[in-house]
Amino acid sequence: MRAPQRSNRAYRNVARVIRPLLLAITKRDWRGVENLPATGGYIAAANHMTNFDPLTFAHFLYDNGVAPKILAKSSLFTIPVVGRILAATGQIPVHRNTVQAGQSLDAAVTALAEGECVAVFPEGTLTGDADLWPMVGKTGVARLALTTRVPVIPIAQWGPQDVLGRYGKVFRPIPPKPVTVVAGPPVVLDDLYDRPLDTATLREATGRVMAAITSLLEEIRDEKAPAETYDPRRARQAGEA
């Protein structure tokens, strides 16, 4: 397979090691590739169920000519070997709840302006929904999308949780697991571009992105998501009550 044009040497070297492993332990069903923009920067936004699904997310994009710049929590960059790989391949650290929090957004804006695909998990962490449906997203993806006005491509995936469960530590590569990844058409956000970038606008945009991802996942799973989306803030408040 020809490596994506925007992949650097480190990216290609990592792919030479990881991609054959993923090919061996998954049975892939890639759909909606026609929705990935052929030119220009864009945001790829996916659901997040397990610590394994960043690999399947990246695999889907890489196999379709894209070397994504993934927004990853900054703590991963401090892990020996892993941190060096993330930095060498141009991934973007997210400094949560610190004075450096804005730096990840600035780096993502720069990458998008340069025509890169920036890959994000709008939920910010693994979903708290017991059935692995997407939960309420954080507004970072909305701020990035409305600031740059680039397309946001919703992507849903299902199957990585069978390789490594949510919060799981038991890796189950045998037998190979079916993994479905589907990209949908760009989320409609242009009617929000000229509105004030306030909480209401950000929540509206975030809700649209998460609704698009959830709709794709409903198609993959052939079932409906819960009527009420899991909200970790409400769950914490209920636990404290």
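This is a short guided tour of the structure above, with one selection per stop. Keep in mind that the model is predicted.

**Stop 1: a pair of rings**

Begin with the aromatic residues. How many aromatic pairs does a search of the whole structure find? The search finds four. Select tyrosine 11 and tyrosine 62 to see one of them: this aromatic pair is stacked, with 5.9 Å centre to centre and 20 degrees between the planes. Now colour the helices. Tyrosine 11 belongs to helix α1 (residues 9-25) and tyrosine 62 to helix α2 (residues 53-63), so the pair ties together parts that are 51 residues apart in sequence. Switch on a surface and check both side chains: are they buried or exposed? Tyrosine 11 is buried, and so is tyrosine 62.

**Stop 2: a charge over two rings**

Next, select arginine 221 together with tryptophan 133 and tryptophan 158. The charged end of arginine 221 sits over the ring of tryptophan 133, 3.9 Å from the ring's centre. The charged end of arginine 221 also sits over the ring of tryptophan 158, and here the distance to the centre is 4.1 Å.

Keep tryptophan 133 on screen and add threonine 214, which has its place in helix α7 (residues 199-221). Which residues does threonine 214 touch, not counting those up to four places away in sequence? They are Trp133, Pro134 and Ala225. Threonine 214 has 15% relative accessibility, under the 20% cut-off, and so counts as buried.

**Stop 3: the second largest pocket**

Turn on your pocket display and pick the second largest pocket, with a volume of about 500 Å³. To centre the view, select Met135, Val136, Gly137, Lys138 and Arg233, which lie nearest the pocket's centre among the 24 residues of the lining. Which helix gives the largest share of the lining? That is α7, with six residues. Both α7 and α8 (232-240) supply at least two residues each to the lining of this pocket. Try colouring the lining by class: you will find 10 nonpolar, seven polar and seven charged residues.

**Stop 4: backbone details in the loops**

Hide the surface and show the backbone. Go to the peptide bond from isoleucine 174 to proline 175, which is cis, with omega near -5 degrees. Proline 175 is found in the loop between α6 (160-163) and β7 (177-183).

Two further residues are worth selecting for their phi angles. Valine 81 is not a glycine, yet has a positive phi of about 70 degrees. Look for valine 81 in the loop between β3 (69-73) and α3 (82-88). With a relative accessible area of 56%, valine 81 is exposed. Arginine 149 is not a glycine either, and its phi is positive at about 60 degrees. This arginine 149 lies in the loop between α5 (140-148) and β6 (152-158), and at 43% relative accessibility arginine 149 counts as partly exposed.

**Stop 5: proline 186**

For the last selection, move to the loop between β7 and α7, where proline 186 lies. Proline 186 has a relative accessible area of 45% and is partly exposed. What is in contact with proline 186, leaving aside neighbours within four places in sequence? Show Pro151, Val152, Ile153 and Pro154 to see these contacts. Finally, draw a distance from the C-alpha atom of proline 186 to that of lysine 224: these atoms are separated by 22 Å, and the two residues are 38 residues apart along the chain.

Key:
Residues are numbered from 1 along each chain as its sequence is written. This is a predicted model: local features need pLDDT of at least 70, side-chain atom pairs count only at pLDDT 80 or more; totals for chains, interfaces and linings use all residues. Side-chain values use heavy atoms; hydrogens and water are left out. Rings of Phe, Tyr and Trp (its six-membered ring) pair if their centres lie within 6.5 Å; planes under 30 degrees apart count as stacked, over 60 as edge-to-face and the rest as tilted. Helices (H or I, at least four residues) and strands (E, at least two) are DSSP runs, numbered from the N terminus. Buried means under 20% relative accessible area, exposed over 50%, partly exposed in between (1.4 Å probe, protein chains only). A charge sits over a ring if NZ of Lys or CZ of Arg is within 6 Å of the ring centre and within 35 degrees of the ring normal. Contact means heavy atoms within 4.5 Å. On a 1 Å grid over the protein atoms alone, a cavity is a set of points where a 1.4 Å probe fits but cannot get out, and a pocket is an open set with protein on both sides within 12 Å along at least five of seven lines; lining residues have an atom within 4 Å of a point. Grid points are joined across faces, edges and corners, and a volume is the space filled by probe spheres set on the points. Ala, Val, Leu, Ile, Met, Phe, Trp, Tyr, Cys and Pro count as nonpolar, Asp, Glu, Lys and Arg as charged, and the others, Gly among them, as polar.
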